[in-house]
Protein chains: 2
Amino acid sequence: MVNSQVVVDQQVQNVLDALKGRTINHVYFVACGGSSAIMYPNKYILDREAKDLTSDVYSSNEFIHRNPRKLGENSLVVLCSMSGTTPETVKAAEFARQKGALTVGFTNQPTSPLAQESEFVVKYEWGAESVAFNTNLGLLYQLTFGVLNVLEGNDKFDKMVNSLSNLQSVFEKAAKQYEGKALQFGQEYKDEKVIYTMASGANYGIAYSYAICILMEMQWIHSNAVHSGEYFHGPFEIIDKDVPFIILLGLDETRPLDERALDFSKKYGEKLVVLDAKDLDLTGVDEELRGYIAPLVLNHVLRKYAEQLAEARNHPLSQRRYMWKVEY
Amino acid sequence: MVNSQVVVDQQVQNVLDALKGRTINHVYFVACGGSSAIMYPNKYILDREAKDLTSDVYSSNEFIHRNPRKLGENSLVVLCSMSGTTPETVKAAEFARQKGALTVGFTNQPTSPLAQESEFVVKYEWGAESVAFNTNLGLLYQLTFGVLNVLEGNDKFDKMVNSLSNLQSVFEKAAKQYEGKALQFGQEYKDEKVIYTMASGANYGIAYSYAICILMEMQWIHSNAVHSGEYFHGPFEIIDKDVPFIILLGLDETRPLDERALDFSKKYGEKLVVLDAKDLDLTGVDEELRGYIAPLVLNHVLRKYAEQLAEARNHPLSQRRYMWKVEY
């Protein structure tokens, strides 16, 4: 190429090369906890974009024991574990590979058990030294759009790769923009015993991750990620002026669900933390892809909210009762 | 037939007749809240049993706005609303039908808007006068196994219909067996502010329904249906001796996940309510199908737990803050 077009990550390209000439009709996204949560928007993308390809998201041990009958040589199984040592996910890779599926393990540790059990490995970066393009979600999106491109000729692949290459500056602007609000959140909510999260569509996985990993796991605060559409069919009876909700408003097609949930919550709740992706500066991200990209930015901002909450509560995000301490 | 073999419900048979000679490659289970929760075990069944057929469960408004690209004339869309008036579900039926999908509306009200918008209607019974065979789950299971039979020749259909015809006596025995425990549950847990539920596999939908409809909606108790496999990847940090968990142990293939979650919870929690399907008398239910049938029985038992909790708290299950009272 003569122009300055960004190219897809080479590790992802290796998977895409292997897909050529191979029949794949189903994608299984398999991981646990926070690594499972990042799979959700990828299924949203496939549901919206795929003409024929179907997909499922399963927690690793559910995947193994459920043992989907369709799983086989026409399946692509995408797995993720930061350390690459999550036993259920390592076993899921082994299980899927025995069934003849094409396996891709996302991990920060390229010599880990998950990397060894997966046919293809995608090493991702995390923490301060990472840039958006090379994070787990950044690389997963490259794979998801790459798969759509190779198998079905979807033409959004290049645009997505380009948008992801511009995402780091979006992250940095967003973090700065929400610095004060994150601090305020920590101060105002530090004594809460329960904090709900709510979202839909492409953003639901982010709400799920925040509920189970940040609030329940890292802060020992009761939580539940309520789906904005389900809210009106049960969960909304819980809200009143004393019950906090973090409400995410996305830019994808399900945004009207979030808006409706917010409108109702404003009437009967008083402790609402609203993150609206419309307020973000998404310069560099293709207009057509902003609905898909929003969850990555909201996730980045929410991490700042988590850090400030931990600080205000004097309860480090790394503090655990059981993980790393007892057998389970 | 000359023998006394039970026949499938005629309304379900009408759908099965329409499937003959038609190409269906995907089933969408579409409903809201408690009606959505009963769809989950049906997807579990399809995942386990279907050679080719794929499926998804969506909350009605998510389904419409997500607008899956695959949705079309090769889709079967199964919807449910007790009153048949849930606006999102009525609209979902209309939407799916416009896309050319085959639509089946489950409802207690055969002249309701959902019945009018659906190509086929299955009227189900509920409450004191219903028997297991004619409840929403009883009829849904007949459809799910019927679909597998017609489209893929799955041979468990007759066994399932027979098992469902014997289920009412199982329900009655189970209700009697757990009468004392339900009463005890109401007394012991009436002052709790948070009660989690936990399950996996075929039973997860039951745990979900209990969390969002019984506890949050009908009792205004904070809750979250934790998946037993996800438990160890975040949520388990919330448990200690003061945090109540209702843990369901099923008979399906994911039971080891529930057992592991229970073992851990017993070490660090003290407020555990355990419903183990192994303790049930499932006489009349085919051995091979007990894993699929267990959630229906656990659901029936849990309803008794809900009634006793409501009684002990002097908070009727019909009491609402918003539903039926305010606009939303």
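Here is a short chat about helix packing and aromatic pairs in a predicted model.

Biologist: How do α10 and α13 of chain B lie to each other, given that their axes come within 8 Å?

Modeller: Take α10, residues 179-189, and α13, residues 290-313, both in chain B. Their axes cross at roughly 40°. That angle is neither under 35 degrees nor in the 65 to 115 range, so α10(B) sits oblique to α13(B).

Biologist: And what is the hand of the crossing of α10(B) and α13(B), and which residues of α13(B) make the contact?

Modeller: The crossing is right-handed. By class, the contact has seven nonpolar, three polar and two charged residues. On the α10(B) side, B:F185 and B:Y189 are among them. From α13(B) come B:K304, B:Y305, B:Q308, B:L309 and B:A312.

Biologist: Switching to rings, how many aromatic pairs are there over all chains?

Modeller: Ring centres have to lie within 6.5 Å to pair. Over all chains, that rule gives 50 aromatic pairs.

Biologist: What class of pair do A:Y322 and B:F236 form?

Modeller: A:Y322 follows α13 of chain A while B:F236 is in the loop between β7 and β8 of chain B, so this pair joins two chains. A:Y322 is buried at 5% relative accessible area, and B:F236 is buried at 0%. The ring centres are 5.7 Å apart with planes at 55°, so call the pair tilted.

Biologist: What about the rings of B:Y231 and B:F232: which class do they get?

Modeller: B:Y231 is buried at 0% relative accessibility, and B:F232 is buried at 2%. Their centres are 5.2 Å apart and their planes are at 70°, so the pair is edge-to-face.

Definitions and conventions:
Residues numbered from 1 in each chain as written. Chains lettered and ligands numbered in written order. Predicted model: local features only at pLDDT ≥ 70, side-chain atom pairs only at ≥ 80, totals over all residues. Heavy atoms only, no water. Axes fitted to C-alpha atoms, helices over the stretch in contact; angles between N-to-C directions. Helix = DSSP H or I, 4+ residues; strand = E, 2+ residues; numbered from the N terminus. Parallel < 35°, antiparallel > 145°, perpendicular 65-115°, else oblique. Left-handed = near helix turned anticlockwise from the far one by under 90°. Contact = heavy atoms within 4.5 Å. Nonpolar A, V, L, I, M, F, W, Y, C, P; charged D, E, K, R; others polar. Phe/Tyr/Trp six-rings, centres within 6.5 Å; stacked < 30°, edge-to-face > 60°. Buried < 20%, exposed > 50% of the residue type's maximum accessible area, 1.4 Å probe, protein only.
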